[in-house]
Amino acid sequence: MAISKEITRLEHSSVKLTVTVGKDDVRTQYDELLSGYSKNLQIPGFRKGKAPREVLERKIGSAIKEEALGRIIEKSITDIFEDESFPKGDKPLPYSTPQVGEEPVFSLDSDLNFSVTYDVLPAVKVETWKGLTVEAPDAGVTDEDIGRELETIRDRNAIVQDKDDGAAALKDDVVTVDYQELSETGEPVDATKREDFVFTLGSGYNLYKFDDEVTGMKKGETKDIVKTYPEDFTDKDLAGKTIKLRITLTALKKKILPALDDDLAQDVDEKFKTLDDLKANITERLTKNLDKRLRDITLNNLLEKIMESVPVEIPESMVRIELDSRWRNLARRFNTTPEDLLKIMGASGKTPEEITAEWRPDVLKALHSRLIVESLMEELGLEATDDDVEKEFENLAVETVSPVEDIKKYYEQDNMRAYLKEDIKERKLFDVMLAENTIKKGKKEKYLDLVSNNG
């Protein structure tokens with residue numbers, strides 16, 4: 001089919017593809033369609049396949065022209081997009097369906113002109129990505145961090161023992177409570193009733209944060225309390241409210257922590273012979289976590305700096321597909337379906353539109369950053385070789401303490417090997433970026449603050 005075409009750039013990484021199909025091809029397509037109907041259609045007064053062309057055109061000519069128009073448009077744009085000489089940057093994104101513009105005029109006596117619009121991959125040209133200077137937090141693993149980890153291990157290995165009757169609840173005791181809210185007149189609110197709730201006193205792991213009020217209570221004691229929550233309280237349902245509560249302490253136990261010695265280290269894992277072995281392992285693990293977090297922060301700062309000089313118009317279809325992807329991922333994390341997640345989120349008082357509107361700035365930033373990364377990987381010609389992949393399999397086998405054959409088997413399913421190769425390419429780029437730019441130490445920060453704020 002003889003086709004001429006022209007691309008016009010539009011806003012937000014959209015294009016308008018204008019196509020002209022020669023009148024001879026238009027007639028050929030129409031005649032082929034008419035011939036097909038002529039052989040198979042039975043018109044009253046004529047035997048099947050024997051109706052004259054003129055009769056056929058008079059009765060169903062309009063419908064045939066409409067069908068021919070659709071076929072010509074579909075075949076034309078398919079041929080164009082499948083043509084290897086058609087620029088990659090002018091092809092539609094996989095999730096952007098070309099939309100026909102103004103209704104084309106179909107005539108057997110003239111060329112057919114029509115246009116479609118669709119989104120394309122945004123053109124990204126990264127001019128400046130080397131020689132930049134960014135800051136990364138100044139942080140390290142301290143004795144305080146190691147001590148905190150050791151205390152967590154001690155707590156995990158503690159023995160829990162009933163306290164004597166009449167003993168008062170103290171910080172770090174394990175308490176069991178029944179509680180429920182009271183109305184303004186002091187009547188129990190059944191919908192808020194909770195029984196046999198267990199938590200460690202002082203941990204704050206309870207909805208109403210009543211650790212201080214439970215401290216000092218004795219087993220079997222019931223207490224009515226009034227708590228006022230600040231406007232910025234973490235639970236929005238309680239923020240700014242004054243709540244009356246009735247609490248009953250039904251069980252009281254104390255923790256007996258193990259001594260911090262070689263025996264504890266050996267209880268944690270037989271590979272540790274001494275407490276120093278355990279400490280060394282903790283230090284190595286925390287240092288690894290911190291290094292990864294600092295690398296992520298540094299790369300994020302670098303990409304943000306690069307983004308300042310590389311404006312990109314993100315097409316709406318790309319934003320929509322990313323928002324949909326995040327919605328599905330969130331549903332998986334809640335172990336539910338996207339549809340049921342809508343109902344769950346609806347209970348919070350927010351509409352899906354309000355939620356996605358909150359996500360949108362982060363989505364735009366993530367897409368902007370991703371486009372820059374992909375542009376740089378292509379510009380630098382970075383690849384992940386089969387040797388790279390094999391080496392990665394060996395590293396993963398060591399990290400997960402798994403046979404390398406199991407690792408390979410995992411990555412042979414669901415196109416996982418392709419994802420792994422992309423990840424390797426990306427890490428190669430990040431190594432280059434870190435080597436080509438200056439990283440200055442920023443303000444001092446604590447390990448716990450950095451790894452806790454891993455957003």
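Author: A residue is called buried when its relative accessible area is under 20%, exposed when that area is over 50%, and partly exposed in between. With these limits in hand, we can look at this model, which is a predicted one, and begin with helix α1, where the face turned away from the buried side carries the exposed residues Asp24, Glu32 and Lys39.

Reader: Which residues of α1 are buried?

Author: In α1 the buried residues are Val26, Gln29, Tyr30, Leu33 and Leu34. Because they cover an arc of only 125° around the axis, they are placed on the same side of α1. As a general matter, an α-helix has 3.6 residues a turn, so residues three or four places apart point the same way.

Reader: What covers the buried residues of α1?

Author: The cover includes strand β2, helix α2, which runs over residues 53–82, and strand β4, which runs over residues 112–119.

Reader: How do you know what the 18 residues of helix α1 should span?

Author: The reckoning takes 1.5 Å a residue, applied to one less than the number of residues, and for α1, residues 23–40, this gives an expected 26 Å. The end C-alpha atoms of α1 are 26 Å apart, so the expected span and the value in the model agree.

Reader: What makes β1 and β3 edge strands?

Author: Four strands form an open sheet in the order β1-β2-β4-β3, with antiparallel pairing. Within that sheet, β1 (3–9) and β3 (99–100) each pair on one side only, and they are the edge strands.

Reader: How do you know that β1 and strand β2 pair?

Author: Two strands count as paired if at least two bridges are found between them, and β1 and β2 (residues 14–21) have 7 bridges in the antiparallel sense, so the condition is met. Along this pairing, Thr8 stands opposite Lys16 in β2, while Lys5 stands opposite Val19 in β2. The hairpin of β1 and β2 has 4 residues between the strands, and in this hairpin His12 takes a positive phi near 55°.

Reader: Why is the link of Asp138 with Lys444 called a salt bridge?

Author: The rule asks for a side-chain nitrogen of Lys or Arg within 4 Å of a carboxyl oxygen of Asp or Glu; for Asp138 and Lys444 the closest N and O atoms are 3.1 Å apart, so the pair qualifies. Asp138 lies in strand β5 (residues 133–138) and Lys444 in strand β11 (residues 438–444), so this salt bridge ties together parts that are 306 residues apart in sequence.

Reader: Is Asp138 buried or exposed?

Author: Asp138 has a relative accessibility of 17%, which is under the limit of 20%, and therefore it counts as buried. Its partner Lys444, by contrast, is exposed at 67%, a value over the limit of 50%.

Reader: What does Lys441 touch?

Author: Lys441, which has its place in strand β11, touches Ala136 and Asp138 when residues up to four places away in sequence are left out. The C-alpha atoms of Lys441 and Glu135 are separated by 5.5 Å, although these residues are 306 residues apart along the chain. At 66% relative accessibility Lys441 is over the limit of 50%, so it counts as exposed.

Reader: How many salt bridges does the count come to?

Author: The count comes to 34 salt bridges. One of them joins the side chains of Glu195 and Lys193, with N to O at 3.6 Å, which is within the limit of 4 Å. Glu195 is partly exposed at 48%, and Lys193 is partly exposed at 47%. There is also a network of salt bridges that links Asp386, Glu412, Arg417 and Lys421.

Reader: How far apart are the closest N and O atoms of Arg360 and Glu316?

Author: They are 2.8 Å apart, and the two residues form a salt bridge. Since Arg360 lies in helix α9 (residues 352–379) and Glu316 in helix α7 (residues 316–333), the pair ties together parts that are 44 residues apart in sequence. Arg360 has a relative accessible area of 30% and is partly exposed, and Glu316, at 42%, counts as partly exposed.

Note on methods:
Residues numbered from 1 in each chain as written. Predicted model: local features only at pLDDT ≥ 70, side-chain atom pairs only at ≥ 80, totals over all residues. Heavy atoms only, no water. Helix = DSSP H or I, 4+ residues; strand = E, 2+ residues; numbered from the N terminus. Buried < 20%, exposed > 50% of the residue type's maximum accessible area, 1.4 Å probe, protein only. Contact = heavy atoms within 4.5 Å. Arc of directions from axis to C-beta.
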